[in-house]
Structure formats: C-alpha cells, structure tokens
Amino acid sequence: MAIKFHNPKTVSVAGKYSLAGEVPAGLRTLYVSGQVGVNSEGKLAVGITEQVEQVWMNIANVLKSADMGLGDIVKATIFLTDSRFIAPYREVRDKFFKTAPYPASTLLVVAGLADPAMLVEVEVVAAK
C-alpha cells in the first residue's frame, strides 16, 4: 500500500509540496535527523546552493541505508537562516523532486543553526 497525499482543491498550495501525507498501517516509518551541508569528511559546503545540494545528498544516503528513496518521504521540514535563500533552496530541491506527488513540507526562516556558517537544515519523515 502506498503513501497517500492529500491536496484538496479547497485549499491553496503555493509551491511544490503536498498539504498532507497519509501513511497506511503496516509501513515502516523512518525519522531522519536534520541534515546540514556537511559532507562525509565533516567539511561544510560554502554557499547556499552547495549546502542545499549536500543536504539532499545526505538525506538520500540516509534513506538508502534504510532501503528507501526520496520518493518515500512523507514530510520535510526546512530551516533556512535567511528568507533570501528560499528561491535558491527551491531551485536545488526541484532537481531532486522532479514530479508530483511531492512530500508535505514546512519551511521556516530561523535566526540561526548549530554553527553560524550553516545556512540550511532539513529533516524528513519517510515511510515504506
């Protein structure tokens, strides 16, 4: 049984995300800790585009370790340190999510992350 995404026509969707994701009984659920733009050697990428690329590669690798993929993401929560990063974030994210259905999503602009050089953090919930 597949994840069911809900996007009623009575509620506006302002981007490439779903309003809700429903996980049927019997699926495994994976909660992925917030990922930042740090590679496997501990080096933080420089710039928002590079950090977003690394974030989604990290998420893809964590999902792969659980025999899941990006298509299994039910919900994403995105933390950006500047509202000017919204457009570049979406541009890079769209390379990873080319077609609907898209996961449910919340995007927050925050004062800062664990390291002042970190510009983006993304946590996801996936199910398969």
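**Figure 1. Overall dimensions of the predicted protein chain.** A compact globule of 128 residues would have a radius of gyration near 14 Å, and the protein chain agrees, with 15 Å. That radius is taken over C-alpha atoms, and the globule rule is 2.2 Å times the number of residues to the power 0.38. The C-alpha trace spans about 40 × 35 × 25 Å along its principal axes. This is a predicted model: local features need pLDDT of at least 70, side-chain atom pairs count only at pLDDT 80 or more, and totals for chains, interfaces and linings use all residues. Residues are numbered from 1 along each chain as its sequence is written, and side-chain values use heavy atoms, with hydrogens and water left out.

**Figure 2. Secondary structure and contacts of the protein chain.** Two helices and six strands make up its secondary structure. Their order along the sequence is β-β-β-α-β-α-β-β. Helices (H or I, at least four residues) and strands (E, at least two) are DSSP runs, numbered from the N terminus. Among contacts with a separation of 6 or more, 74% join residues 24 or more positions apart. Contact means heavy atoms within 4.5 Å.

**Figure 3. Surface and charge of the protein chain.** About 7,300 Å² is exposed, and carbon and sulfur atoms supply 55% of it. Accessible areas come from the Shrake-Rupley method with a 1.4 Å probe; for residues, only the protein chains shown count as cover. Of the 128 residues, 36% count as buried. Buried means under 20% relative accessible area, exposed over 50%, and partly exposed in between (1.4 Å probe, protein chains only). There are 13 positive and 12 negative side chains, and the centres of the two sets lie 7 Å apart. Lys and Arg count as positive, Asp and Glu as negative; His and the chain ends are not counted. Each charge is placed at NZ of Lys, CZ of Arg, CG of Asp or CD of Glu.

**Figure 4. The largest nonpolar core.** This core has 24 residues. Trp56, Ile59, Val120 and Val122 have the most contacts inside it. Two or more residues each come from α1 (48-65), β4 (73-80), α2 (86-96) and β6 (120-127). With six residues, α1 gives the most. A nonpolar core is a set of buried Ala, Val, Leu, Ile, Met, Phe, Trp, Tyr and Cys residues joined through side-chain atoms within 4.5 Å. Close up, Ile59 touches Gln35, Leu70, Ile73, Val122 and Val124, leaving out residues up to four places away in sequence.

**Figure 5. The loop between α2 and β5 (104-109), with Pro101 and Pro103.** Ala100 and Pro101 are joined by a cis peptide bond, with omega about 5 degrees. Pro103 has 9% relative accessibility, so it counts as buried. Beyond residues up to four places away in sequence, Pro103 touches Phe5, Tyr17, Ser18, Ile73, Val74, Lys75 and Phe97. Lys128 is 25 residues from Pro103 along the chain, and their C-alpha atoms are separated by 14 Å.

**Figure 6. Asp67 in the loop between α1 and β4.** Asp67 is not a glycine, yet its phi is positive, at about 60 degrees. Its relative accessibility is 55%, so Asp67 counts as exposed.

**Figure 7. Gly26 in the loop between β2 (20-22) and β3 (29-35).** Gly26 counts as exposed because its relative accessibility is 78%. Gly26 and Phe96 are 70 residues apart in sequence; C-alpha to C-alpha, they are 27 Å apart in space.

**Figure 8. Met1 in the segment before β1 (4-6).** Relative accessibility is 83%, so Met1 counts as exposed. Met1 is in contact with Pro24 and Leu27, leaving aside neighbours within four places in sequence. Glu41 is 40 residues from Met1 in sequence and 38 Å away in space, C-alpha to C-alpha.
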